[in-house]
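The following exercises concern a protein chain whose sequence and structure are displayed below. Each task is followed by a solution in steps.

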Amino acid sequence: MEGEFYTLNEDSSVNFEVPNYSPNPFDVIPQFLRRVKDAGIDRATLGSMQGGPEAIEYYDTKAKDDILSYIQPINLQSIVNHPELSVEEDKQELFINYASKVMIGTESLNDFDKFVQEWMDRGGTEVIAEATEQYKNGTAKIRE
């Protein structure tokens with residue numbers, strides 16, 4: 001919502017600031033649930049919701065321009081050896097398992113450092129080294 005989550009500049013660019021701290025640990029749940037698709041929400045139902053037409057207009061026109069380019073390492077042997085460490089959407093087995101436990105309350109968000117350590121211990125150090133090498137030698141894929 002304009003004014004609450006973002007402001008527009010005179011040149012139509014957007015000022016958006018993500019809060020760096022939330023006193024409510026459950027605020028992260030929507031980000032974990034972004035993989036969950038609601039088949040009941042489509043263009044027709046979204047169009048009839050408050051702010052829906054604006055959302056549709058944004059995704060139809062400006063969303064592609066707002067996506068930042070990023071570098072994605074490709075064909076990492078370390079990921080082949082440790083597929084649970086994948087960073088690809090819906091293939092992040094280790095992360096999805098941890099996030100699910102946080103959501104149902106059997107794991108604390110405060111234990112994130114333990115998750116990172118497990119990721120590193122399972123081969124994350126190799127993944128980082130191989131991805132860094134691809135970045136340095138220019139073989140990593142630039143995605144837009």
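**Exercise 1: A surface patch**

In this predicted model, a nonpolar patch of about 300 Å² on the surface is made by Leu8, Val14 and Phe16. Determine where Val14 is found, and decide whether Val14 counts as buried, partly exposed or exposed.

Solution. Step one: Val14 is found in strand E2, which covers residues 14-16. Step two: the relative accessibility of Val14 is 48%. Step three: buried requires under 20% and exposed requires over 50%. Val14 therefore counts as partly exposed.

**Exercise 2: The course of helix H7**

Compare the span of helix H7 (residues 112-137) with that of a straight helix of 26 residues, and state where H7 bends.

Solution. Step one: at 1.5 Å a residue, a straight helix of 26 residues would span 38 Å. Step two: the end C-alpha atoms of H7 are only 32 Å apart. Step three: at Gly123, H7 bends by about 75°. Step four: just after H7, Gly138 has a positive phi of about 80°.

**Exercise 3: The buried residues of H7**

Identify which residues of H7 are buried and which helices they pack against.

Solution. Step one: the buried residues in H7 are Phe115, Trp119, Gly123, Gly124, Val127, Ala131 and Gln134. Step two: an α-helix has 3.6 residues a turn, so residues three or four places apart point the same way. Step three: the buried residues of H7 pack against helix H5 (77-81) and helix H6 (93-104).

Notes: Residues are numbered from 1 along each chain as its sequence is written. This is a predicted model: local features need pLDDT of at least 70, side-chain atom pairs count only at pLDDT 80 or more; totals for chains, interfaces and linings use all residues. Side-chain values use heavy atoms; hydrogens and water are left out. Patches are made of residues with over 30% relative accessible area and no salt bridge: like charges are joined within 9 Å, nonpolar side chains (Val, Leu, Ile, Met, Phe, Trp, Tyr) within 5 Å. Accessible areas come from the Shrake-Rupley method with a 1.4 Å probe; for residues, only the protein chains shown count as cover. A salt bridge is a side-chain nitrogen of Lys or Arg within 4 Å of a carboxyl oxygen of Asp or Glu. Helices (H or I, at least four residues) and strands (E, at least two) are DSSP runs, numbered from the N terminus. Buried means under 20% relative accessible area, exposed over 50%, partly exposed in between (1.4 Å probe, protein chains only). The expected span of a helix is 1.5 Å times one less than its number of residues. The bend at a residue is the angle between axes fitted to the seven residues ending there and the seven starting there. Contact means heavy atoms within 4.5 Å.
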